[in-house]
Amino acid sequence: MEALKKQASKLREQVARQQQAVLKQFGGYGAYDNVFTDEAEIQQHQRLEKLFTSTRAAKHFQRDIVRGVEGYIVTGFKQVETGTKLSEDSKKYGAENTCTSGSTLSKAAMCISKAWYQMEKERKEMLSSLGQVAESLRAMVMGAPLEDARHLAQRYDRIRQEAEAQAVEVSKRQMRARESPGNGDIYSKLEGAESKLRELKSNMGRLGKEAVVAMASVEADQQRTTLEKLITVVKCERAYHQKVLQILEQLEKEMVSERQRVEGAPLPVMLDSAAPPPSYEEINGMHESPTISQPIKTMEYFLAEVIQSFQAESDVELDLSIGDFLVVRKLSSNGWAEGECRGKAGWFPSDFIERRERVLASKVAHVF
């Protein structure tokens, strides 16, 4: 529709110029042959058309930003709900975990719960800031300054069309006056038409200037405000992602530290300097070993989990792998323990295991 109006305006200008050129060529009064060929008025009209097109495009762009931000906010709050639910579920598992083989996963779940809660809090703050951006741009799209400026431009366009039609009327009456010289009635009507044309020209010039000033002001405000709001959007996104990155980095440190504590416990100082495990004779009291001065404690059997791998170096020692479960049957005060794992029995460092009160049945099946 706007393209058709623009094309029609150009056609009217061409017709008016052609009419004035014909009238000028064949003589006559010619006092108004410059109504629409005045360079200043043409430049003003062209600038107003450009301003109208520019402000309309900026208005549509602002509307697109508002719709995009609003859609982003709706999606974002759905993510907040999902993240908050996941945080609550993780916290529940961490607080109620009944695992018998350790609390590592429980601690990790609590850490993740805290991190998700913090991230979703940051997301809500970002979405709130984006909502303010959308409100500001929406108010500008629907604001009075833009509508008032557009109304001025439309009034100017209507008066310009009236002036075009009146210029044609004046030209016709000029031709009649030439054809009927001395006819007072014709000259009287010609003077009335010329007076009306002068009035339209005056109003057109005044409205044109007012419309140009108003539209230029709106255009500048649109450009400045829209750029500021886009920068605000970028800053909000950047601040959110920076904070989330900090939260995730801290979470990773905590979880990796806990895993290293469980799986990468330092080797006890015993591989080279500790006394060897008790011999068969010493275990069964057949004779006393010169290397073993500590008593062997016979106690009630218990289940334990291997927390540090151990490589047997003799027939009486038992290979251990992290995560294995075994039955501990004897403990020696010099740092050794005796037990059975995967159908094999032998001695191993007692610091390489941790006692477990409850173990899954599937794990117990691998002990014997």
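Which backbone oxygen does the side chain of Thr55 reach? In this predicted model, the side chain of Thr55 gets to the backbone oxygen of Phe52, at 3.1 Å. Thr55 sits in helix H2, and both Thr55 and Phe52 help make the contact between H2 and H4. Here's the rundown, starting with the whole protein and working back to that threonine.

**Overall build**
- The protein has 7 helices and 5 strands, and along the sequence they run α-α-α-α-α-α-β-β-β-β-β-α.
- Of the 368 residues, 35% are buried.
- Take the contacts between residues at least 6 apart in sequence: 72% of them join residues at least 24 apart.
- The accessible surface adds up to about 22500 Å², and carbon and sulfur atoms account for 53% of that.

**Where H2 meets H4**
- Helix H2 covers residues 39-96 and helix H4 covers residues 144-179; their axes come within 11 Å and cross at roughly 145°.
- That crossing is left-handed.
- On the H2 side, the contact is made by Glu41, Gln44, His45, Leu48, Phe52, Thr55, Arg56 and Lys59.
- H4 brings Leu146, Glu147, Arg150, Ala153, Gln154, Tyr156, Asp157 and Arg160.
- Sorted by class, the H2 and H4 contact has 5 nonpolar, 4 polar and 7 charged residues.

**Back to Thr55**
- Thr55 counts as buried because its relative accessible area is 0%, and the cut-off for buried is under 20%.
- Leaving out residues up to four places away in sequence, Thr55 touches Leu146, Arg150, Met215, Val218, Glu219 and Gln222.
- Leu146 and Arg150 are among the H4 residues in the contact with H2.

Definitions and conventions:
Residues are numbered from 1 along each chain as its sequence is written. This is a predicted model: local features need pLDDT of at least 70, side-chain atom pairs count only at pLDDT 80 or more; totals for chains, interfaces and linings use all residues. Side-chain values use heavy atoms; hydrogens and water are left out. Axes are lines fitted to C-alpha atoms, for helices over the stretch in contact, and angles run from 0 to 180 degrees between N-to-C directions. Helices (H or I, at least four residues) and strands (E, at least two) are DSSP runs, numbered from the N terminus. A crossing is left-handed if the near helix is turned anticlockwise from the far one by less than a right angle, and right-handed if clockwise. Contact means heavy atoms within 4.5 Å. Ala, Val, Leu, Ile, Met, Phe, Trp, Tyr, Cys and Pro count as nonpolar, Asp, Glu, Lys and Arg as charged, and the others, Gly among them, as polar. Buried means under 20% relative accessible area, exposed over 50%, partly exposed in between (1.4 Å probe, protein chains only). Accessible areas come from the Shrake-Rupley method with a 1.4 Å probe; for residues, only the protein chains shown count as cover. A polar contact is a pair of N or O atoms within 3.5 Å; within protein, one must be able to donate a hydrogen and the other to accept it, and residues adjacent in sequence count only if both atoms are side-chain atoms.
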